[in-house]
Amino acid sequence: SGIFSFDLCCPQEAVMAAKVVEENCWVGDVVTPANCCDRRKGPTGDPSCWQDPFTFESCCTPKVYKQLQIEAVRQTCWSKEVTSDLCCDLRKGVRGDPRCWQGAYTFEICCPKEAKLTAQFQETCWLGGLDRAFCCDARKGPLGEVRCWSGAHNFQTCCL
């Protein structure tokens, strides 16, 4: 007590402790961000969710609210005419069918499994000392640095 606090005394440890709490806030189907961080249930969400060290402040972070927004968009990505089969098809491009994406509706939000595959593939673009800044520099031409590309690794699959 007094003028000293854990945060003042040990700032690095306080940041690490807060991260551990944040990473362990959610359990099962009831203690979820959507249920617990809902401010319609009160200024600190659902009070039944909180028990030290798990508090509204430590669990309902900006990162959590951003994920809730993404989930809300994801719930509305598809309609009868616009489907995941149509839009997430990687044969149409590294981000599926580009005609599908507008505003909040992005390939990364609406097609998370395919976006993960694309990201994993794109990690293989930068082996052997190559990097995005060098290879994808459009000042070198419309396809960047052409010496970087071979096989499935090209400007379209690695830079866009």
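A residue is called buried under 20% relative accessible area, exposed over 50% and partly exposed in between. That scale is needed at several stops below, and the model on screen is a predicted one.

**Stop 1: Trp78 and Trp101**

Select Trp78. With 30% relative accessibility, Trp78 falls between the two cut-offs and counts as partly exposed. Now add Trp101, which has 18% relative accessibility and therefore counts as buried. The two rings make an aromatic pair of the edge-to-face kind, with 6.3 Å from centre to centre and 65° between the planes. Colour the helices to see what the pair connects. Trp78 sits in the loop between α5 (62-74) and α6 (84-87), and Trp101 in the loop between α6 and α7 (107-110), so the contact ties together parts 23 residues apart in sequence.

**Stop 2: the whole chain**

Zoom out and show the chain as a cartoon. It contains ten helices and zero strands, giving the pattern α-α-α-α-α-α-α-α-α-α along the sequence. The radius of gyration is 22 Å, well over the 15 Å that the globule rule gives for 160 residues, so the chain is more spread out than a compact globule. Along the principal axes, the C-alpha atoms fill a box of roughly 65 × 45 × 25 Å.

Switch to a surface. The chain exposes about 11300 Å², and carbon and sulfur atoms supply 60% of that area. Of the 160 residues, 30% are buried. Among contacts with a separation of 6 or more, 38% join residues 24 or more positions apart.

Colour the charged side chains next. There are 18 positive and 20 negative ones, and the centres of the two sets lie 7 Å apart.

**Stop 3: Trp26, Trp50 and Phe56**

Return to the rings; the structure holds five aromatic pairs. Select Trp50 and Phe56. Their ring centres are 6.3 Å apart and their planes meet at 80°; an angle over 60 degrees counts as edge-to-face, so this pair is edge-to-face. Trp50 and Phe56 are both buried. Which rings form a cluster with ring pairs as its links? Add Trp26 to the selection: Trp26, Trp50 and Phe56 are the members.

**Stop 4: Asp52 and Pro53**

Stay in this part of the sequence and show the backbone from Asp52 to Pro53. The peptide bond between them is cis, with omega near 5°. Most peptide bonds are trans. Pro53 is placed in the loop between α3 (33-36) and α4 (56-59).

**Stop 5: Asn35**

Move back along the chain to Asn35, in helix α3. What does Asn35 touch, leaving aside residues up to four places away in sequence? Show Val30, Lys41, Asp46 and Cys49, which are its contacts on that count. Then draw a distance from the C-alpha atom of Asn35 to that of Gly45: the separation is 7.9 Å, for residues ten apart along the chain.

**Stop 6: Ala138**

End at Ala138, in the loop between α9 (132-135) and α10 (155-159). Is Ala138 buried or exposed? Its relative accessibility is 54%, above the 50% cut-off, so Ala138 counts as exposed. For a last distance, pick the C-alpha atoms of Ala138 and Phe155: these residues are 17 apart along the chain, and the two atoms are separated by 9.6 Å.

Note on methods. Residues are numbered from 1 along each chain as its sequence is written. This is a predicted model: local features need pLDDT of at least 70, side-chain atom pairs count only at pLDDT 80 or more; totals for chains, interfaces and linings use all residues. Side-chain values use heavy atoms; hydrogens and water are left out. Helices (H or I, at least four residues) and strands (E, at least two) are DSSP runs, numbered from the N terminus. The radius of gyration is taken over C-alpha atoms; the globule rule is 2.2 Å times the number of residues to the power 0.38. Buried means under 20% relative accessible area, exposed over 50%, partly exposed in between (1.4 Å probe, protein chains only). Contact means heavy atoms within 4.5 Å. Accessible areas come from the Shrake-Rupley method with a 1.4 Å probe; for residues, only the protein chains shown count as cover. Lys and Arg count as positive and Asp and Glu as negative; His and the chain ends are not counted. The place of a charge is taken as NZ of Lys, CZ of Arg, CG of Asp or CD of Glu. Rings of Phe, Tyr and Trp (its six-membered ring) pair if their centres lie within 6.5 Å; planes under 30 degrees apart count as stacked, over 60 as edge-to-face and the rest as tilted.
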